[in-house]
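Work through the exercises below with the sequence and the model at hand. Try each task before reading its solution.

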Amino acid sequence: MTVQAIHTRQREDVAPDRPSLRQRLANQGIDGVTLLILPAFLFVLGVFVYPFLYGLVLSFNPIEGDAFANYRQFFSDPYLYNTIGATLWLAVPVTLISGVLAVPIALRVRLLQRQRLLTTLLVLPITLGTVLVAEGLLNYLGAQGWFNRTLITIGLIDSPLRLTNNYWGVFVSLIITVFPFTFLLTLSYISGIDPALERAAATHGANSWQRFRYVMLPLLIPGLVVAACLTFVQAFSVFPSAVLLGAPSGPTRVISIAAAQAAFEEYNASKASAIAMIMAAVQLVVVAGLLGVRSMFYRGSTAGGKG
Amino acid sequence: MSLASISFKELRLDRVSRAFGSFTALNQIELVIGKGEFVALLGPSGCGKSTALNCIAGLLGTTGGGIYIDDKRIDQLKPEDRGFGMVFQNYALFPHMTVLQNVGFGLKMRGLPRAEIETRAQAALALVRLQGQADKLPGQLSGGQQQRVAIARAIVIEPPLVLMDEPLSNLDAKLRLEMRAEIRRIHNQLGATTIYVTHDQDEALSLADRIVVLRDGSIRQVGTPHELYESPLYLDVAEFMGFRNKVVGKVVRVANGVATISTEGRELTGRAMDALKPGDEAVLAARGDDVVEGASGGNAIQAVVETIEYRGREHVGTARTDTGMELVFHGPRNVELGSRISLEIDALRALVFAKAGAA
């Protein structure tokens, strides 16, 4: 009886009040450490979000005409709107070819002992930068370059191939600069797939093509799509090699050249912003499309079970 | 589903070897496995049992010898051309396929019509008691269920040989016992020839028709569970089969297969497993179950209790003899730590081996 009385009293004294604010925030995953994202948040806000919104507003304030004048001008002038096609004509094949090259190479490299050496070799072009690669290719692929001279010497061709100042020059240099990205991403995705899955497929009768088709590829697709998105965005914003190695007023007049001309030759920041917005929109559409494709595939764990 | 239709008589390993550089993982393994047999490869880690299994599966090449099914040499074939079923330690289920697709995988690779794949996969799922889970992804299943799927996937192709690589080692103790019974039941039902790799002697004893004990890449002993349990031929095999107690002494006499050794001023007897003569250094080995505290018979040794555990029906403990030999014993009552007790060793079950290096 007395014991019960004490218990009752205690229950009245210590009311089961709500946990403190600090506790409730912690339950939501918000605590002191969360503040560490503040610098990055401010950085993104100041260096990305603000300029983007500024450009967006600027693009609707043309030097002359109504709010949509820049956009109307872009889509009525073939010299401008054709840049979208020209850029896609570079970026899409470059993305596809990088992906198609990266998968088999990564599948092989995964099994190598000296992965690091090869990886280093492949990463070099990234560290060199696009301008250096472009300059190098200008010499190497030019009419008097090693490539043409070798082909002429061994008698494969009579006169030098034209590989610079046209589509192919830009194409080759883009492949060189984006492939390492695609490859490294693909390699990391492939390395993440449990090797026991391939062994299981083999013992249950799948030959190497079937193992790739039914086990590796379906597990790789989500990763490959992300790799393709990043590769595409990189290739789509091509500028230095399109100017240096391409025909900047012809077939490699990419959208970034149009934007640069508007900004630094016509001094029309509003028009340049509009072009940049159109460029962003095209990229967004392509990336959204790719991610849509990705959502149709299995995206879960690539382990074969409890490990 | 019957595997009886596959016509082969035996799988034969003929001096199979596998070296990794200068390290010999498998050394001239000779083994004949009959159709329908359940054979366990047993040994501590690094003994070569998994290497042997992978060589049979074709996931690892051999560096010597040959593997034959009847007279057909198979060790040059790729794994996909051998047509075996395999159950992996971490299950290795395809995470992007449903349970049904996982089970039907081998049949699909063999180009069977869709309807037949479905029927046979469903039948295999019924066999492992996973009806109703067909459309789930492996990630949605528990560990035990995943292992059932892996077993179904391996047996659905009606392979001449099912290979199991420590299939229960990722499961918790209770599930392990359950799945053990399940594997035995499926084997009894299908009669599939099975090679089962494990480091767990209980698993091997309860599942296998025959046990192959491996050590350092060589076969130490082959026998039925009963033979291995009762008469391990070597001290190391005996240790692996649960003979945890070793009493070192000198042989006093040997008569009718019974050896008597003297140690710490006492005489102990056991079955002689090696050719022994008086004066030889010898080791008497006994299971903890065969060393009893509180019995009044002879064949006993004095020791001081170091640990004691309550196990319900009995107490199990360790004690140390005067010369520092540790003994595992059991008894009906709780004894004080540090007290001096007399431990009786079952003379009919204890084994006497020549001491390694002394023979």
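The expected span of a helix is 1.5 Å times one less than its number of residues. Helices (H or I, at least four residues) and strands (E, at least two) are DSSP runs, numbered from the N terminus. This is a predicted model: local features need pLDDT of at least 70, side-chain atom pairs count only at pLDDT 80 or more, and totals for chains, interfaces and linings use all residues. Residues are numbered from 1 along each chain as its sequence is written, and chains are lettered from A and ligands numbered from 1 in the order in which they are written.

**Exercise 1. Compare the span of helix α11 of chain A with that of a straight helix, then locate its bend.**

Step 1. Helix α11(A) runs over residues 208-236. A straight helix of 29 residues would span 42 Å.
Step 2. Between its end C-alpha atoms, α11(A) spans only 35 Å.
Step 3. Look for a bend, the angle between axes fitted to the seven residues ending at a residue and the seven starting there. α11(A) bends by about 50 degrees at L217(A). A proline, P218(A), follows within four residues.

**Exercise 2. Determine how α11(A) and α14(A) are oriented to each other.**

Step 1. Axes are lines fitted to C-alpha atoms, for helices over the stretch in contact, and angles run from 0 to 180 degrees between N-to-C directions.
Step 2. The axes of α11(A) and α14(A) (residues 269-294) come within 9 Å and cross at roughly 170 degrees.
Step 3. Angles under 35 degrees count as roughly parallel, over 145 as roughly antiparallel, 65 to 115 as roughly perpendicular and the rest as oblique. The two helices, α11(A) and α14(A), are therefore roughly antiparallel.
Step 4. Residues making this contact include I221(A), V225(A) and F232(A) of α11(A), and Q283(A), V287(A) and R294(A) of α14(A).

**Exercise 3. Is T177(A) buried or exposed? Find what it touches.**

Step 1. T177(A) lies in helix α9 (residues 167-191) of chain A.
Step 2. A residue is buried if 20 or more other C-beta atoms lie within 10 Å of its own, exposed if 12 or fewer, and partly exposed in between; C-beta atoms are placed from the backbone.
Step 3. T177(A) has 24 other C-beta atoms within 10 Å, so T177(A) is buried.
Step 4. Two residues are in contact if their C-beta atoms, placed from the backbone, lie within 7 Å. Not counting residues up to four places away in sequence, T177(A) touches P125(A), T130(A) and V133(A).
Step 5. The C-alpha atoms of T177(A) and A235(A) are separated by 8.9 Å, although their positions lie 58 residues apart along the chain in numbering.

**Exercise 4. Describe where chains A and B meet, and place P79(B) there.**

Step 1. In the contact, 24 residues of chain A meet 27 residues of chain B.
Step 2. On the chain A side, α10 (195-203) and α11 each give two or more residues. α10(A) gives the most, with six residues.
Step 3. P79(B) lies in helix α2 (residues 79-82) of chain B. P79(B) counts as buried because 23 C-beta neighbours lie inside 10 Å.
Step 4. Not counting residues up to four places away in sequence, P79(B) touches A202(A) and T203(A) across the chains, and A57(B), G58(B) and L59(B) in chain B.

**Exercise 5. Summarise the fold content of chain B.**

Step 1. Chain B has nine helices and 20 strands.
Step 2. Its C-alpha trace spans about 75 × 45 × 35 Å along the principal axes.
Step 3. Of the 359 residues of chain B, 45% count as buried.
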